[in-house]
Amino acid sequence: MEKLWCEIDLKSMEDNLELIRKNTSKRVLAVVKCNAYGLGIEEITSFLDKKVDGFVVSDLDEAEKVCSSKPVLILLPKIDYEDLHRIKDNFILTIDNIEMLKKLKNRPYTVHIFVDSGMHRFGIRAQELDEMIRKIKGDYTNITIDGIYTHLNHPRDSKYTRKQIQTFRQCVEKHVNQIPCIHLLNSRGYLKYKDVDFDNHIRIGNLLYGYCGTRHGFKKVFSYKARLVSRTKVGKNKYVGYGNRYKTKKETYVGVVGVGYIHGFNSTRNVKSGLLHNLVRYIHQAIKREALIYLDGKPVDMLGGSSMNFTQIDLDGLEVDQDSIFDIKLSSILADGMIPKEYKY
Ligand SMILES: *Cc1c(COP(=O)(O)O)cnc(C)c1O
């Protein structure tokens, strides 16, 4: 029996997709990069195959794992010569520089051009777009420009985002009759900028998996479950766990569940981000008393810190046996690799 596993509710994912479709007529590209946000790219793409209009992945390795003959957009605007033969007919390359173009000779390729509208990660600058398009049409007749897109990096900031949208709109306007696919909205962009009407595709990841949008009726698709690995009676005034950070106040039943740092659990202290950011998160969690482990919906106290693969918990006052199943709060993106997944419909 598994100690720790991830339950993925495909029906909820289907419901999320339907909710998206209900509010837009734009075509939906499912973003399945990074192993479908940790949920399993093969399983997720074969489930979504008939339900979405295409897929979005990070790189060529991932594109090959997509179980679908629908279009697969590869986000990384970089490819090595020795990998060119791996590009299948339904793969779409992202182009944002001339250097990459030079490699694409001697056979047909389909590309989307990525325009940088303010994130400054990848993308060609708006003022260089026309030249790029001219160049492709002149010198690279084997290349089909199937699409043009940009990415909104801070949808919460309306002022910034509106400017990005405007920049991109101006880019697109001149080419709208020649380039079929136009897209810029991700999950939060889709939720917030419903008036955008010059695009015809959206790229959705988070919302599909229920990472966000619960206030808008979207459902969380994945949940982590654990069974007790062991259970020990510990006397009064005894330390529990690494670093002696917890001391029992009375005789206590201490349980062990098989989840720890290796699964990305309780590891915020290992996440590198600004001091202020960490402080805010810490206070937020303290105020909300956000527990990471639950039994039948009730929070379970953790005793001491977690270790690499185990966490000790307080079983006092809980009715538990070998079959009890604990709910674990875990990010599928962090947890992915070694945790078995169970798909349900
Ligand atoms: C990850 C990503 C998306 C999907 O974003 P969500 O917020 O998960 O919907 C869309 N476009 C690009 C370029 C991305 O990198």
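The following dialogue takes up the terms used for this predicted model and the values behind them.

Reader: How many helices and strands does the chain have, and what does the C-alpha trace span?

Author: The chain has eleven helices and 19 strands. Its C-alpha trace spans about 80 × 40 × 40 Å along the principal axes. Of the 345 residues, 48% count as buried.

Reader: Why is the pair of Phe47 and Tyr345 called tilted?

Author: The ring centres of Phe47 and Tyr345 are 5.9 Å apart, and the angle between the planes is 50°. Rings pair if their centres lie within 6.5 Å, and planes that are neither under 30 degrees nor over 60 degrees apart count as tilted, so the pair receives that name. The count of aromatic pairs comes to seven.

Reader: What makes this pair a tie between separate parts of the chain?

Author: Phe47 belongs to helix α3 (residues 41-48), while Tyr345 belongs to the segment after β19 (341-344); the pair therefore ties together parts that are 298 residues apart in sequence.

Reader: Is each of these two residues buried or exposed, and how do you know?

Author: Phe47 has 15% relative accessibility, and because buried means under 20%, Phe47 counts as buried. Tyr345 stands at 61%, and because exposed means over 50%, Tyr345 counts as exposed.

Reader: What makes Lys51 a charge over the ring of Phe47?

Author: Lys51 lies over the face of Phe47, at 4.1 Å from the ring centre. The distance limit is 6 Å, so the value of 4.1 Å satisfies that part of the rule. Arg231 lies over the face of Tyr253 in turn, at 5.0 Å from the ring centre.

Reader: Why are Phe114 and Tyr149 also called a tilted pair?

Author: Their ring centres are 4.8 Å apart and their planes stand at 45°, so the pair is tilted. Phe114 lies in strand β6 (residues 109-116) and Tyr149 in strand β8 (residues 143-149), so that the pair links distant parts of the chain, 35 residues apart. Phe114 is buried at a relative accessible area of 9%, and Tyr149 is buried at 2%.

Reader: Which residues form an aromatic cluster?

Author: One aromatic cluster is formed by Tyr37, Tyr209, Tyr211, Phe222 and Tyr224. Tyr211 also takes part in a polar contact, its side chain being 2.6 Å from the side chain of Ser332.

Reader: What makes the link between Ser332 and Tyr211 a polar contact, and where does Ser332 lie?

Author: The limit for a polar contact is 3.5 Å between N or O atoms, and the distance here is 2.6 Å, so the side chains of Ser332 and Tyr211 are within it. Ser332 is found in helix α11 (residues 332-335) and counts as buried at 0% relative accessibility.

Reader: Which residues are around the ligand, and which atoms of the protein lie at polar-contact distance?

Author: The residues around the ligand include Val31, Lys33, Tyr37, Leu75, Arg121 and His151. An N or O atom in the side chain of Tyr37 is 2.5 Å from an oxygen atom of the ligand, and one in the side chain of Arg203 is 2.8 Å from a nitrogen atom of the ligand. A backbone N or O atom of Gly205 lies 2.9 Å from a ligand oxygen atom. The protein covers 92% of the 390 Å² of accessible area that the ligand has on its own.

Reader: How do you know that Cys181 and Cys212 are in no disulfide?

Author: The count of disulfides comes to zero. For Cys181, the nearest cysteine sulfur is that of Cys171, 17 Å away; a disulfide requires sulfur atoms within 2.5 Å, so Cys181 is in none. Cys181 is buried, with a relative accessible area of 9%. For Cys212, the nearest cysteine sulfur is that of Cys34, 16 Å away, and Cys212 counts as buried at 7% relative accessibility.

Reader: Why is His120 called exposed but Asn244 only partly exposed?

Author: His120 has a relative accessible area of 63%, and because exposed means over 50%, His120 is exposed. Asn244 stands at 44%, which falls between 20% and 50%, so Asn244 counts as partly exposed. His120 lies in the loop between β6 and β7 (124-125), with phi near 60°. Asn244 lies in the loop between β12 (239-240) and β13 (246-247), with phi near 45°.

Methods
Residues numbered from 1 in each chain as written. Predicted model: local features only at pLDDT ≥ 70, side-chain atom pairs only at ≥ 80, totals over all residues. Heavy atoms only, no water. Phe/Tyr/Trp six-rings, centres within 6.5 Å; stacked < 30°, edge-to-face > 60°. Helix = DSSP H or I, 4+ residues; strand = E, 2+ residues; numbered from the N terminus. Buried < 20%, exposed > 50% of the residue type's maximum accessible area, 1.4 Å probe, protein only. Lys NZ or Arg CZ within 6 Å of the ring centre and 35° of its normal. Near = heavy atom within 4 Å. Polar contact = N/O pair within 3.5 Å; in protein donor to acceptor, adjacent residues only side chain to side chain. Areas by Shrake-Rupley, 256 points an atom, 1.4 Å probe, with all protein chains shown as cover.
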